[in-house]
Every structure is written in structure tokens, then in C-alpha cells.
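Please look at the chain below before reading on, and keep it in view while the text moves from one part to the next.

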Amino acid sequence: MSTLQFKSNIKCSGCANTVKPFLDKVDGVTDWSVDFASQDKLLTVQTTSATEEEITSAVKSAGYHLTKK
């Protein structure tokens, strides 16, 4: 299990709900959350096998972007 963190433009729970089906489809993602209180809107992803590229691509498909923390 590994933990990946990204800076995001996912600003609210509504945005997170938009991203949810895309991240939930990524093989290996076991859990994820967004820290809305953080200035960088940190997305933390728990994964057994998903790569940074797969996660970034899934979020991009939802209309948002990530940068590696």
C-alpha cells in the first residue's frame, strides 16, 4: 500500500463528487480524500497499484487537474 499526494483544483464537496466515479474506477485505488482546508486542496490517494499517471488521467477526465506535491 502506498500513499500519493497531489495539489489539486478540487475546491468543494461538489467537485469531489464529480471526480468520485473517475477515481473509483482506477484499479488499485483503495481510498482517497481531499483536504479542502488546505491552500493546495491536497488530494491524498491510498493505492495498492495505481500510478501517478493513472490518477492524474482519471482526475483530468473529470475536468480537474493535479500536480505532484
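Helices and strands are DSSP runs, a helix having at least four residues and a strand at least two, and they are numbered from the N terminus. The model shown here is predicted. With that naming in hand, we can begin at the stretch that links strand β2, residues 29-35, to strand β3, residues 42-47, for serine 38 lies in the loop between them.

Is serine 38 buried or exposed? Its relative accessible area is 15%, and since buried means under 20%, serine 38 counts as buried. The side chain of serine 38 also reaches the backbone nitrogen of leucine 42, at a distance of 3.5 Å. Lysine 41 is found in this loop between β2 and β3 too. Most residues other than glycine have a negative phi, but lysine 41, which is not a glycine, has a positive phi of about 50°.

From the loop we turn to the helices. Two packed helices are described by the angle between their axes and the distance between the axes. Here helix α1, made of residues 13-24, packs with helix α2, made of residues 52-61, at an angle of about 140°, and their axes are 8 Å apart. Angles over 145 degrees would count as roughly antiparallel and those from 65 to 115 as roughly perpendicular, and α1 and α2 are therefore oblique to each other. The crossing in which α1 passes α2 is right-handed. On the side of α1 the contact is made by Val19, Phe22 and Leu23, while α2 contributes Ile55, Ala58, Val59 and Ser61. Sorted by type, the residues of this contact of α1 with α2 comprise 6 nonpolar and 1 polar, with no charged residue.

One of the contact residues of α2, valine 59, deserves a closer look. Valine 59 has a relative accessible area of 0%, so it is buried. Its C-alpha atom is separated by 6.1 Å from that of valine 19, although the two residues are 40 residues apart along the chain. Leaving aside residues up to four places away in sequence, valine 59 touches Ile10, Val19, Leu23, Leu43, Tyr64, His65 and Leu66.

Two of these partners, tyrosine 64 and leucine 66, can be followed further. Tyrosine 64 has its place in the loop between α2 and β4, and with a relative accessible area of 17% it is buried. Tyrosine 64 and valine 19 are 45 residues apart in sequence, yet they are 7.9 Å apart in space, C-alpha to C-alpha. Beyond its neighbours up to four places away in sequence, tyrosine 64 touches Asn9, Ile10, Cys15, Thr18, Val19 and Val59.

Leucine 66 belongs to strand β4, residues 66-68, and is likewise buried, with a relative accessible area of 10%. In sequence leucine 66 and isoleucine 10 are 56 residues apart, whereas in space their C-alpha atoms are 8.8 Å apart. Not counting residues up to four places away in sequence, the residues that leucine 66 touches include Phe6, Lys7, Ser8 and Leu43, and also Ile55, Thr56 and Val59.

Finally, what is the relative accessible area of glutamate 53, a residue that lies in helix α2? The value is 57%, and because exposed means over 50%, glutamate 53 is exposed, whereas valine 59, found in helix α2 as well, is buried. The C-alpha atoms of glutamate 53 and histidine 65 are separated by 12 Å, and these residues are 12 residues apart along the chain.

Notes. Residues numbered from 1 in each chain as written. Predicted model: local features only at pLDDT ≥ 70, side-chain atom pairs only at ≥ 80, totals over all residues. Heavy atoms only, no water. Buried < 20%, exposed > 50% of the residue type's maximum accessible area, 1.4 Å probe, protein only. Polar contact = N/O pair within 3.5 Å; in protein donor to acceptor, adjacent residues only side chain to side chain. Axes fitted to C-alpha atoms, helices over the stretch in contact; angles between N-to-C directions. Parallel < 35°, antiparallel > 145°, perpendicular 65-115°, else oblique. Left-handed = near helix turned anticlockwise from the far one by under 90°. Contact = heavy atoms within 4.5 Å. Nonpolar A, V, L, I, M, F, W, Y, C, P; charged D, E, K, R; others polar.
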